[in-house]
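Good morning, everyone, and thank you for making time for this. Please take a moment with the sequence and the model before I begin, and then we will go through them together, piece by piece.

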Amino acid sequence: MIVRGAGAIGATAGFAMAQVIAEASGCDGDSFLEFVRKGKQRIEITRPTAQNLFYATNRVYDAVMNSLKNSDGDSTSSVAIKEAMAIANEDVESCQFIGQHGAELIQDGANIETHCNAGWLAFVDYGSALSPIYSARDQGKHVHVW
C-alpha cells in the first residue's frame, strides 16, 4: 500500500474492501464468502501494523455480513460503499473537531514548530496535528509554522 497516515490508510482500506465486495458480487454462497475473506486478508497484509486499516476492513466486512444476515434489500456492494464513505466522512469530522478545539489554544501571532505531516497527505481531507493550525488561520489568526 502506497498510502501514508492513519486516517488515509483507514479510508483507503475501507474503499479497498468495497472493491473486493464489488468483485465478489458475481459469486454466490460460500465462494462469495471465501473471495471476500481472501480479499480482506490481502488488504490487511499490506500494512500489518496499521490499526486504522484493520478497523476499516473489519467495519466494512461486518456491515456486509450483517446485511446478508438481515436481508435488508441493499446490495452488498452498496452496503460496502456506504460504510467506506462513512469511515472517510467520520475521519474528516474528527479532524475538524480536533482543529476547532485545538485552535482555542493558539494565540494570534503564535510561532509553532512541528515535525508532523499529519495534514491532507495523511488524512482524508483536513488533517489531524495540523488541523488546529488550519482552524486558527481560518479564524483570522496569524500563525507561523516551522
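Let me begin with the cysteines: if we call a disulfide a pair of cysteine sulfur atoms within 2.5 Å, the count comes to 0 disulfides. For burial I use relative accessible area, where buried means under 20%, exposed means over 50%, and partly exposed is in between, with a 1.4 Å probe and protein chains only. On that scale C27 is partly exposed, with a relative accessible area of 28%, whereas C95 is buried, at 3%.

I should say early that this is a predicted model, in which local features need pLDDT of at least 70 and side-chain atom pairs count only at pLDDT 80 or more, while totals for chains, interfaces and linings use all residues. Residues are numbered from 1 along each chain as its sequence is written, and side-chain values use heavy atoms, with hydrogens and water left out.

Now to the helices, and here helices (H or I, at least four residues) and strands (E, at least two) are DSSP runs, numbered from the N terminus. The expected span of a helix is 1.5 Å times one less than its number of residues, so the 19 residues of helix α1, residues 6–24, should span 27 Å, and the end C-alpha atoms of α1 are indeed 27 Å apart. Among the buried residues of α1 are G7, A8, I9, M17, V20 and I21, and the buried residues of this helix pack against α2, α3 and α4, the last of these being residues 76–103; contact, throughout this talk, means heavy atoms within 4.5 Å.

Let us stay with G7 for a moment, which lies in helix α1 and counts as buried at 3% relative accessibility. Which residues does G7 touch, not counting those up to four places away in sequence? They are N52, D91, A122, F123 and V124. The C-alpha atoms of G7 and L53 are separated by 8.7 Å, although these residues are 46 apart along the chain.

How do helices α2 and α3 pack, in angle and in axis distance? Helix α2, residues 29–44, and helix α3, residues 51–70, pack at about 170 degrees with their axes 10 Å apart, where axes are lines fitted to C-alpha atoms, for helices over the stretch in contact, and angles run from 0 to 180 degrees between N-to-C directions. The two helices are therefore roughly antiparallel, a term for angles over 145 degrees. The contact includes F32, L33 and V36 of α2 and L53, F54 and Y61 of α3.

Finally, we come to helix α5, residues 131–138, which is largely enclosed by the rest of the structure, because 6 of its 8 residues are buried. What covers the buried residues of α5 includes α4, β1 (111–112) and β2 (144–145). Y134 lies in α5 and counts as buried at 12% relative accessibility, and, leaving aside neighbours within four places in sequence, Y134 is in contact with G119, W120 and Y126. W120, in turn, lies in the loop between β1 and α5 and counts as partly exposed at 45%. Besides Y134, the residues that W120 touches, again not counting those up to four places away, include D125, Y126 and G127. After α5 comes G140, whose phi is positive, near 90 degrees, and that is where I will stop.

Notes
Parallel < 35°, antiparallel > 145°, perpendicular 65-115°, else oblique.
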